[in-house]
Each structure stands twice: as C-alpha cells, then as structure tokens.
Amino acid sequence: MTETVEAGTRVGGDQTSLYLGGTWVAPHSTETLEVYSPATGERVGSVPLADETDVDTALRTARAAFDSGVWSARPAAERAEILERVADLIDARFDEIGAVVSAEMGAPPSAIDMLQKLPGTGVLRAYADAARNYPWQEYRTGLFGTTLVTREPVGVVGAITAWNVPLFLVCNKFGAALAAGCSVVLKPAPETPMTANLLAEIFTEAGVPEGVISVVPGATATGEALVNHPDVDKITFTGSTAAGKAIGAACAQSLKRCSLELGGKSAAIVLDDVDLANIGMLVFLGLFNTGQACVAQTRILVPRSRHDEVVSAMVEAAKAMKVGLPTDPEVQLGPVISERQLQRIEGYIEAGKKAGATPALESTRPADLDGGHFITPTIFTGVTNDMTIAQEEIFGPVLSVIGYDDVDEAIAIANDSDYGLAGSVWTSDVERGIEISGRIRTGTFGINFYAIDPGSPFGGYKNSGIGRECGPEGLESFVEHKSTMLPMGYEPAQ
C-alpha cells in the first residue's frame, strides 16, 4: 500500500514525495533527480526519480479513476469550470510559480509572464470554451436511418514534456486531456520537475478529483515505462524530433494513439517592402527564450536589394537584448539550460564559420556571468540553405541570414527543410503576406508577428510532428468517436 506523506519544500529544498493521484506519497524508487539553476550553477533541490513501479502505481491509479467516471463522466461544463479555476489560481499565485520556473530554467520573470503564464492560462480558458461548445453528441441521418455519434474521452493519457516552457507545456497537456475527460500521468523534463509538481497541486486545488492526475519525474527510463505501459491509451509528447520518432515507433507496436509536437527550423521571409521598424520584433521572435523555442524564427530570408540595411537593423536589435540573471528586471535573455547545450550551440557556431558563413554579430560568454550557462546572440550572414546551421535545430540564440533574389526563390528556400512548424512573412502588404502563407508548408504562420494562439490549432508538417494542440482541434485529439445505429424508423426526441 502506498504511504501518504507531506510534500517537501518547493524551491531551494529536497522534495521526498511523488505526486500520485492528487496526493503526496512515498516513492518506491530510492533515486533522486538533482535540480541545478542554469543561471548560477547552484543546486536548487531534488525530487524522487520515479521508477517503473512508481509509474505503474500512477497509471493504475489513473485507470481506476477513469473507469470510475469521477472525471470522465462529469459534464463537460463542469470540467470547463475547473480549468478556468486553474487559470485564475495561476494568475493569483504567479509570483510563487514564476520563482520556481526561474529557479529551474533561469528565465527572467518578464519572459515567464509573457511567454509562459499568458499562453498557459490562455490555453486553459480556450480548452474550457472548446469543451463547452464541442459536439459531444449528434444525430446523423444516412443510408440506414439515424446514427447517434458520440465523442468519448480516449482514456488514460501519458504526457511527456520538454523543459523550455514548462508552465505553458503543463497547462497545454493537462488542459486538453482534462477537458476531454481523460486521466493524465505527466512525466516532466528532468530539468523542471518542481514546476510540474506545483502546477499539479494547483489543478487538484481547483477541483480535479483524486486519482485523475499524477506526476512521475524521471529521465529516459521513466518515459519508456510510461510509453510502454498497457494502461496508457494515448501518449502526448513535446520534445525533440529524434525522441518523438522513437516514441511514435513504440506507440505503433501496441497501436497506442499518439500526438507529437516536435522541432522546427522556421523561416522568416522579409519582403522588399518591409518596414524596418518591425525588425526588432523579427529578431525577438528568433531569440526569445534565448533561442530555446521550437517555433523560433531562425532562418531570416532577406532580399539582396535590402540585405545590408536589414542586417544592420537586426544587429542593433540583438545588441539591445540584455543577457543576464533572472533577478535583473531589465534582462530579456537568460541562460541556456546546461553546459552541454552551451557547448552544442558553440559547436554549431564553429560549424557555420567553417562552412563559410560570416558573423555580423558574434557571440561571447559574458565574463561577469561565469557561474551560469550564458551566451550572447550570433547573427550569421552569407548563409546558404544547405549549411548545417540552416538545416538543423540549434536551440540557441543563433540567427542565419539567407539572401534571395525573388519571392519564388524565398518560398522554395523556406520549404526546403525537414521541418514545418512555424514561419512568418514581413511586409507592408498584408494581402501579399496571406498569399505567401498559403505557399509555405508549415502548420502555423504569422504576418509581421508570430504567436501560438490558444484557440487555434498548433502543430507541424513533416518532421515537426503529428497532430494538433490548442483550440477545438487540440481537444479533438483526446477523444474517440463512436457511432450507434438506431432502429430504422426511430426518431430521436428533440
């Protein structure tokens, strides 16, 4: 029997319990995950590392809760009300939540507010609206009379998230699955388990019943135990394309449903009528979160007729983005997540130089920030689309400027990628931008801007993933469709 215990300190301490089924319990595992600040290198704390037995406990609990109907049978309007309550609690407790996120991933509070809390609470409210308005039942008249079509929750969901925007990702995974009536077991990234634990508590506080949600921190083995467990009906994953392919292959073996939100190498097409006043936003969309974003606009396609002035504006905009500690209110760019990732980014920068690209702005490791994993932005010119820096996702503050002569060439370059997650066009003619958007093979796109809209579908083409999140389409991916044939001549009551 699982022993109930109290939670440990959330920030700056060691958590000794796992959050399973809405209750803090003693883990079976004796291993821990150590959490370190990427901004200072200091130890933040630790959490238990869930082993295969802990994952099994979480999933059996989730299955029992789902089968009981305590959440799955609850009216959609009631589920929606609880999701909105979660959003309100996150708003009210943001100082506490933001401190945890900053401690784990080093982002400044202003970035967490704009890039995580705002879309996180937004997506919860969007899923609440979708649940209220979704056609859970409908009658159709066909060849053999009347059929009752119902949408039912898919069952027990295993959710696996990345570390780069943990507040948003937890809200997005929990929000969609819970709106549909599913139970959820979440494996957060090993870098950000405390954020997941705190948010899970808030979902319970808002009214999600006992047994419905669990958090199993861990690394690869924990994820594999979750993906391969027979009680999981669907896996939803956000992370690298390589990991997504492995998860998709594992799900195929047992015919589990899966949705995969993976990497990107997005192109921002600057047209010849661009307003240079918008270049600051373009650069921000390539460098925000220190480039650690799957939707970052990192390939900047510039007409050769305006190349030099656009690059000059880009360099000035990047220089103006202050790099530093999350305690500095003027900071816009925090650290990258680890020394390993920092070295990886520097490896890509060296590869770009060796391939013939020229830094218009070259990165440095700030001398006064040597306790963390900091690097300033790099902007390359002279990039061709076949270079490694133009084809592979760097996940760091590196932008590649690629010249073109005409719009058809720019569109061909934008589409010449294994990815298809995001993109944008920068023009004074919105109608021209809309026409170009229809020729770009990506799941999301922006004109003089880019954002993930909580009420609209988000996902990618090609190696950027399978399925969609956000909006009614995100809810749809967590339901099964059932058709019930009614007797011929039967007329349903109106």
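The legends below describe close-up views of a predicted model.

**View 1. The two domains of the predicted model and the contact between them.**
The domain assignment of the protein divides the chain into domain 1, made up of 13-262 + 464-482, and domain 2, which covers 267-447. Taken over C-alpha atoms, the centres of domain 1 and domain 2 are separated by 31 Å. Across the boundary, 23 residues of domain 1 are in contact with 23 residues of domain 2.

**View 2. The open sheet of six strands, with helices H1 and H6.**
The strands follow the order S9-S8-S7-S10-S11-S21, and their pairing is mixed. Strand S9 (213-215) and strand S21 (465-466) are the edge strands, each of which pairs on one side only. At the S21 end of that order, strand S11 (residues 257-261) and S21 are paired in the antiparallel sense over two bridges, and Glu261 has Gly465 in S21 as its bridge partner. Helix H1 (residues 52-68) lies across strand S7 (156-160), strand S8 (183-187) and S9, and its direction runs at about 160 degrees to S8. Helix H6 (residues 193-206) also packs on the sheet, where it touches S8 and S9 and makes about 165 degrees with the direction of S9.

**View 3. Arg63 in helix H1 and its polar contact with Asp233.**
Arg63 is a residue of helix H1, and because its relative accessible area is 17%, under the 20% cut-off, Arg63 counts as buried. The side chain of Arg63 makes a polar contact with the side chain of Asp233, at 2.6 Å. When neighbours within four places in sequence are left aside, Arg63 is in contact with Val156, Asp231 and Asp233.

**View 4. The open sheet of three strands, S5-S6-S22.**
In this sheet the strands are ordered S5-S6-S22 and the pairing is antiparallel. Strand S5 (137-142) and strand S22 (479-485) stand at the edges with a single partner strand each, so one side of each has no neighbour in the sheet. From one strand to the next the twist averages 25 degrees. Strand S6 (residues 145-153) is joined to S22 by seven bridges, the two strands running antiparallel, and Leu148 stands opposite Thr484 in S22.

**View 5. Ser266 in strand S12 and the residues around it.**
Ser266 lies in strand S12 (residues 266-270), and its relative accessibility of 2% is the reason why Ser266 counts as buried. A polar atom of the Ser266 side chain lies 3.2 Å from the backbone oxygen of Ala422. Leaving aside neighbours within four places in sequence, Ser266 is in contact with Cys294, Val295, Ala296, Gln297, Thr298, Arg299, Ala422 and Gly423.

**View 6. Strand S18 with its partners S12 and S19.**
Strands S12 and S18 run parallel and are joined by four bridges, with Val425 in S18 as the bridge partner of Ile269. S18 and strand S19 (residues 446-447) also run parallel, joined by two bridges, and here Ser424 has Gly446 in S19 as its bridge partner. Between S18 and S19 the chain passes through helix H14 (residues 430-437), and this β-α-β crossover is right-handed. In a regular strand the side chains alternate between the two faces of the sheet. In strand S18 (residues 423-426), Gly423 and Val425 point one way while Ser424 and Trp426 point the other way, and all are buried.

**View 7. Asn289 and Phe395, two loop residues with positive phi.**
Most residues other than glycine have a negative phi. Asn289, by contrast, has a positive phi, near 60 degrees, and is found in the loop between helix H9 (279-287) and strand S13 (297-303). With a relative accessible area of 8%, Asn289 is buried. Phe395 likewise has a positive phi, near 60 degrees, and lies in the loop between helix H12 (388-391) and strand S16 (398-404). Phe395 is also buried, because its relative accessible area of 17% falls under the 20% cut-off.

Terms used
Residues are numbered from 1 along each chain as its sequence is written. This is a predicted model: local features need pLDDT of at least 70, side-chain atom pairs count only at pLDDT 80 or more; totals for chains, interfaces and linings use all residues. Side-chain values use heavy atoms; hydrogens and water are left out. Buried means under 20% relative accessible area, exposed over 50%, partly exposed in between (1.4 Å probe, protein chains only). A polar contact is a pair of N or O atoms within 3.5 Å; within protein, one must be able to donate a hydrogen and the other to accept it, and residues adjacent in sequence count only if both atoms are side-chain atoms. Contact means heavy atoms within 4.5 Å. Two strands pair if DSSP finds at least two bridges between them. A crossover is right-handed if, with the strands pointing away from the viewer, the path from the first strand over the helix to the second runs clockwise. Axes are lines fitted to C-alpha atoms, for helices over the stretch in contact, and angles run from 0 to 180 degrees between N-to-C directions. Domain bounds come from an automatic or database domain assignment.
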